[in-house]
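Subject: Handover of a structure

Dear colleague,

Please find the structure I am passing on to you below. I would be grateful if you could look through it alongside the notes in this message.

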Amino acid sequence: QNKEFVCRGHDYERLEAFQQRMLNEFPHAIAMQHANQPDETIFQAEAQCIHIITNPYTAVKSYMLLRSVVPDNIKSFYKVNHIWRFRYDRPFHKGTKDKENEFKSLWVERTTLILVQSLPGISRWFEVEKREVVEMSPLENAIEVLENKNQQLRTLITQCQTRQMQNINPLTMCLNGVIDAAVNGGVARYQEAFFVKEYILNHPEDGEKITRLRELMLEQV
């Protein structure tokens with residue numbers, strides 16, 4: 001009925017099992033397999049469709065939890081409890097795609113879902129009360145990627161220092177991905193995309209964001 005819900009699946013439930021459970025509950029429904037938003041023709045059609053998007057990012061409700069003095073186990077608890085804001089991203093390219101450096105045109109469509117009540121609750125699912133959609137520019141996307149990676153590094157280092165982690169392989173793998181980025185080329189691609197004179201002249205409004213990106217690179221080093 002053109003409604004949206006966020007559902008907390010069963011423990012260790014695989015995506016295929018969840019999809020089958022939903023289709024068993026709605027036997028006449030058609031499962032939509034793509035990640036794009038349904039268009040108006042689907043909303044107006046008489047056929048019953050189910051569109052399932054997995055692993056939404058749970059937006060932590062308090063910035064106090066992001067402070068380094070808060071223990072990791074408390075942060076972990078609030079990442080999956082008392083949450084009423086969820087979001088998911090859809091990357092897309094705008095304009096001409098550069099085969100040598102796709103980050104130049106890589107935009108992100110970010111959808112934020114706000115629930116009528118926080119999860120978990122009496123029910124395992126609640127209806128979406130409000131939906132917000134924004135577009136993040138390639139530079140904003142690069143800033144967020146670096147912020148998340150730096151936070152991940154800080155967490156892993158803290159766990160090693162406090163001996164919460166017996167095996168240092170997660171930290172080693174994370175460092176390898178930062179120092180020798182074999183897949184996407186790492187921060188060098190961001191430098192090529194956003195630190196060149198052409199980009200700075202064409203986007204004078206991005207001066208503060210470019211400075212922020214440079215600060216994050218230095219912080220990562």
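The notes below go from the chain as a whole to its strands and then to its salt bridges.

Please bear in mind that this is a predicted model.

Overall picture

The chain contains 8 helices and 7 strands. Its C-alpha atoms occupy a box of roughly 55 × 50 × 30 Å along the principal axes. Of the 221 residues, 27% are buried. Among contacts with a separation of 6 or more, 57% are between residues 24 or more positions apart. The accessible surface amounts to about 15700 Å², and carbon and sulfur atoms contribute 53% of it.

Strand pairing

Strand S5, residues 83-93, takes part in two pairings described here. With strand S4, residues 57-58, S5 runs antiparallel and is joined by 2 bridges. One position in this pairing is threonine 58, whose bridge partner in S5 is phenylalanine 86. S5 also pairs with strand S6, residues 106-119, again in the antiparallel sense, over 10 bridges. There, tyrosine 88 is found opposite threonine 111 of S6.

Charges and salt bridges

The chain carries 27 positive and 29 negative side chains, and the centres of these two sets are 6 Å apart. The count of salt bridges is 15.

Two of the salt bridges involve helices H4 and H8. In one, glutamate 147 meets arginine 212, with an N to O distance of 3.1 Å. This pair links distant parts of the chain, since glutamate 147 belongs to helix H4 (residues 138-161) and arginine 212 to helix H8 (residues 207-220), 65 residues apart. Glutamate 147 is partly exposed at 31% relative accessible area, and arginine 212 is likewise partly exposed at 32%.

In the other, arginine 154 and glutamate 219 have their closest N and O atoms 2.4 Å apart. Because arginine 154 lies in helix H4 and glutamate 219 in helix H8, this pair also ties together parts 65 residues apart in sequence. Arginine 154 has a relative accessible area of 39% and is partly exposed; glutamate 219, at 41%, is partly exposed as well.

A further salt bridge joins glutamate 132 to lysine 130, with 3.4 Å between the closest N and O atoms. Glutamate 132 counts as partly exposed at 29% relative accessibility, and lysine 130 as partly exposed at 45%.

Finally, Arg87, Asp89, Arg110 and Glu144 are linked in a network of salt bridges.

With kind regards

How values were computed: Residues are numbered from 1 along each chain as its sequence is written. This is a predicted model: local features need pLDDT of at least 70, side-chain atom pairs count only at pLDDT 80 or more; totals for chains, interfaces and linings use all residues. Side-chain values use heavy atoms; hydrogens and water are left out. Two strands pair if DSSP finds at least two bridges between them. Helices (H or I, at least four residues) and strands (E, at least two) are DSSP runs, numbered from the N terminus. Buried means under 20% relative accessible area, exposed over 50%, partly exposed in between (1.4 Å probe, protein chains only). Contact means heavy atoms within 4.5 Å. Accessible areas come from the Shrake-Rupley method with a 1.4 Å probe; for residues, only the protein chains shown count as cover. Lys and Arg count as positive and Asp and Glu as negative; His and the chain ends are not counted. The place of a charge is taken as NZ of Lys, CZ of Arg, CG of Asp or CD of Glu. A salt bridge is a side-chain nitrogen of Lys or Arg within 4 Å of a carboxyl oxygen of Asp or Glu.
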